[in-house]
Structure formats: structure tokens, C-alpha cells
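Take a look at the protein below and the ligand it holds. We will walk through it step by step.

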Amino acid sequence: MGATHAVAMAELGHEVIGIEANPDRLRDLQNGVIPFFEPGLDEALQKVIAAGNITFKPDHDLESLEADIHFLCVGTPQLPGSYAANTGYLRDAVKALAPFLREDAVVAGKSTVPVGTAQELTALLAAEAGFAPHLAWNPEFLREGTALEDSLRPDRIVIGVNDARSEELLRQVYKSITDLGTPFLVIDIPTAELVKVAANSFLATKISFINAMAEVAEVAGADAVQLAEAIGYDERIGNKFLRNGIGFGGGCLPKDIRAFMARAEELGVGKAVEFLADIDAVNLRRRDRVVEIAQRELGSLQGKKVVVLGAAFKPNSDDLRDSPSIAIADLLKKAGASVVVHDPISLANVNKQHPHLTTEQSVELAAKDADALVLATEWQEYRNLDPAAIGSLVKHKLLIEGRNALPVEKWQAAGWRVIALGRNLEAVAQ
Ligand code: UGA
């Protein structure tokens, strides 16, 4: 997220210094290489480097840092063994920055945080720097896969401030975006912190809502895809984030709803967001559902070859954090299947982060003698597959459609038995 924000700021014409603690990532960035897959971002980085708008420095080189505004973009991952978010990287960043912070400079947090974190960081920064700092909270709403576009053309910009200087500088920073008519909301800091977790909780709730409908549809002989379309025409409901399937993953939605529950509990209002535990549970059940379907169709999975198409938590990303695809590959393996994972972009990450999983470089190689294919990440490459050609390679033409993204009729016409999550299974499969 930091790299995207840095490039976006440079694209807006600001002079940007990106601080990166990891030496490999730093070298990549200095050479114009984004150390993760994000469409269009490498080109944009090279452009702003060539224009002289951006440089990158290690985190031990803050002395030479002369900036009007410092954005905090470090991660707040789930703490191991807990639902809470780890805000330690933010505290480290603030401590490192404090000795070199100019009194008139603004520190703007972008990370997703438990409400109250900014207050804690302000106190820490004040103690370390020896003056009352200008600290603001400026949540970001970018999605992986469209990160730069989301940064440059956001739905809205939200800033939480409690001093005029912060508001003034942040208004200047985003002026070229707000001049285009983008809503600019100036609110208090706790609300700004909450806006982000509330937005992600709402999105997670929408997805789990349609997945809960899918659970019902599957046993009632109904179709959750048609149901989503029908309710989505109601503008109050809307048709976005109503795609049922194997559920949400990634570095944001799962950990954000858990961190929200943990924080609400600390604040004594755990009950208010207790429903998020169900949102999480519905989401995780969809992963088990794929294994249940495979077992129902194939009997024991012992020795059966199952191909998982897609490893990333969503297409156009190589991010494997809490990926439902990886979780399903693991569950199928645990159930005895011989699992092969394919992904157009993220196989290097799979081999590095999940070395116990077998991977294959092409769908054709992976599909050879397979007993079932599972569509887990809806990459365009999979939508373009020729079901007849793939059908000639496999042992059983069984497709478990985990994303409702493929042209089912085409697969059926090529002789495949298709079980699509949340759909009227018998009707679809005939
Ligand atoms: C999410 C939010 O959408 C962003 O607004 C937010 O800024 C970001 O988290 C963040 O906190 O930084 P992201 O994690 O990139 O963005 O991905 P999403 O597009 O939200 O997708 C999340 C997961 O939900 C994916 O696994 C996707 O496959 C799944 N999903 C999405 C569904 O299962 N059904 C849907 O209808 C939509």
C-alpha cells in the first residue's frame, strides 16, 4: 500500500521520498520494480522516477528527511494467537521519525487501525519529539488489482484532523483530485479510524450475506446467482460485492473484521459487532463446502488428483494472504487428495510461502489425469479456457465452480459435470 501511495503522490506532481525497511524491496523500488504484482504500477513507478518526482531510502536514513508531510503506510497484520491488530510497526515508525520531525510538519496515518490508535501515537510522538505534533488520519480505500486507479480516482477522500495545519496540508496534497469533484470529508480522528474498519466490515458482511443465501439455495434447489441479480436491482441494495463463492480473503477484510471485534471488546461494546463472528464463520464454511462437494462427487479423496485453479486471494494480484484458494488446497490435501495448484502469476509465491503444495506451470500440465478441477480464483485465463481441450486431458470431467465466473453452459456442452457454489446444483449439472 505504501508503494502505491508513494507512486500516486508522485503522479500528482509531489516530491516523494519512500522509506523502505526491507533491503530487497528497497533495491527493487530504486530500480523501478514494484516488489509485488499490481497491474500498471511498475510503469507508473518508472515514469515518476524518470520525471525525478520520487526517490527511495532505507529506514535508517531518516536524518536527511526534510518533508512537510509524512504518511504512515506500514502494515497492521493480525497478531498471532489473537484477533487484535498488531500496531507495533506504527509505533516503531513513529519512534524512528520523532527525532527528525519538524514542528510544522504533518504526520498522516494511512494504515487500517483499531479506533484510538491515533491518540496513542500522538502521545508517543509528543513524548519522543518533545512537542505537540500535527497528527491526522487519512484512511485509504484502494483495492488490490486496481490500486493506482483507486488512489488517483477515489470515491472519496477522508481526513480525520484536530488541527488546522493538518487540514490545510492535506487539502493541498489532494487538491488535483478534489478539483475533479471528488468528495473530501474532514472529520474527527476517531471517526476517520472507524470509517475504514466500518467500510471493510460492511463489504465483508455483504459477501457473507450472499454466501449465507447460497448455503440456503444449495439445499432449497434455488440459485444464489439469480437471487443476487434480482435483489441487486434494488438500488438500496446494489449489485456489487454480491458474488457468492468461496468467500473473501486477503490481507484486509478477514483481519479487519477480527481486529474490529477485538477492539470493540476492549471498549466494552463487543456485543455491537458480535455479528462479525458469524460473517467470519459463514466465510470459512464456504471453504469446507468445496471439500464436501468433492467428497460427495468422488467418494474418498484418497489418491484423487484435484487441480486448484488460482492461488491468489483475487485475480490481478499475487497476494496469498488468507487466500481461500490456498486454504481449499490445504483442506483437500488434508482429506487425502493429491492436489496440484496453478496460478498465472503467483506460483513463485506459492512455492516460497507454501512449499508443501505441488504446483504446475500450465493448466494443461496440471489437468493431466485430474479427477476434478476447482475454480478458486477467477483469472481471465480460466474464463478463456477451452473446456473441450481441457476435457481431453482429465480423467473425470468434474468442475467445482467456486467463483461463478466461468461460462457454465459451455463447460456442460463439452461434457463436464459442473457443480457451482450456491447454484441450483441439479439444474445446473443436467
Ligand atoms: C479491500 C476493500 O475492498 C478495499 O476498499 C480496501 O481499501 C482494502 O480491502 C484495504 O483494506 O486495504 P482488497 O482486499 O484488495 O480490498 O479486495 P476486495 O476486492 O475487497 O476483495 C476481497 C475478497 O473478497 C477477495 O477474496 C474477493 O474474491 C472476495 N469477494 C469480493 C467475493 O467473494 N465476492 C464479491 O462479491 C466480492
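First, a word on classes: Ala, Val, Leu, Ile, Met, Phe, Trp, Tyr, Cys and Pro count as nonpolar, Asp, Glu, Lys and Arg count as charged, and the others, Gly among them, count as polar. With that in hand, look at the shell around the ligand. By class, this shell has 10 nonpolar, 3 polar and 8 charged residues. Keep in mind that the model is predicted.

Start with the overall layout. The protein is divided into domain 1, residues 2-187, and domain 2, residues 202-429. Their C-alpha centres lie 33 Å apart. The two domains also touch: domain 1 gives 16 residues to the contact, and domain 2 gives 18 residues.

Now go to the ligand. Which residues come nearest to the ligand? Of the 21 residues around it, they are Leu142, Glu144, Asn200, Phe313 and Lys314. Both domains take part in the shell. Domain 1 and domain 2 each supply at least three residues.

Some polar atoms of the protein sit by oxygen atoms of the ligand. Lysine 196 uses its side chain: a polar atom there lies 3.0 Å from a ligand oxygen. Arginine 243 uses its backbone, with a polar atom 2.9 Å from an oxygen of the ligand. Phenylalanine 313 also offers a polar backbone atom, at 2.8 Å from a ligand oxygen. How much of the ligand does the protein bury? Taken alone, the ligand exposes 710 Å², and the protein buries 95% of that. Two elements give two or more residues to the shell: helix H9 (189-220) and helix H11 (253-266). The largest share, 4 residues, comes from H9.

Next, visit threonine 377. It is in the loop between strand S11 (372-375) and helix H16 (380-383). Is threonine 377 buried or exposed? It counts as buried, because its relative accessibility is 0% and the cut-off for buried is under 20%. Its side chain reaches the backbone oxygen of alanine 312 at 2.8 Å. Beyond its sequence neighbours within four places, threonine 377 is in contact with several residues, including Lys314, Pro315, Tyr382 and Arg403. Lys314 is also one of the residues that come nearest to the ligand.

Another contact of threonine 377 is Ser325. Follow that link. Serine 325 is in helix H13, residues 324-334. Serine 325 is buried too, because its relative accessibility is 1%. Not counting residues up to four places away in sequence, serine 325 touches Ile246, Val308, Gly310, Ala311, Ala312, Ala376 and Thr377. Gly310, Ala311 and Ala312 are also in contact with threonine 377.

Now cross to domain 1, residues 2-187. Valine 48 is found in helix H3, residues 41-50. At 3% relative accessibility, valine 48 counts as buried. What does valine 48 touch, leaving out residues up to four places away in sequence? The list is Val7, Ala10, Glu11, Asn53 and Ile54. Asparagine 31 is 17 residues away from valine 48 along the chain, and their C-alpha atoms are separated by 12 Å.

End at helix H4, residues 88-97. Its buried residues are Gly88, Leu90, Val94 and Leu97. What do these residues pack against? Their partners are strand S3 (69-72), strand S4 (106-109), helix H5 (117-129) and strand S5 (134-137).

Methods
Residues numbered from 1 in each chain as written. Predicted model: local features only at pLDDT ≥ 70, side-chain atom pairs only at ≥ 80, totals over all residues. Heavy atoms only, no water. Buried < 20%, exposed > 50% of the residue type's maximum accessible area, 1.4 Å probe, protein only. Contact = heavy atoms within 4.5 Å. Near = heavy atom within 4 Å. Polar contact = N/O pair within 3.5 Å; in protein donor to acceptor, adjacent residues only side chain to side chain. Areas by Shrake-Rupley, 256 points an atom, 1.4 Å probe, with all protein chains shown as cover. Domains from an automatic or database assignment.
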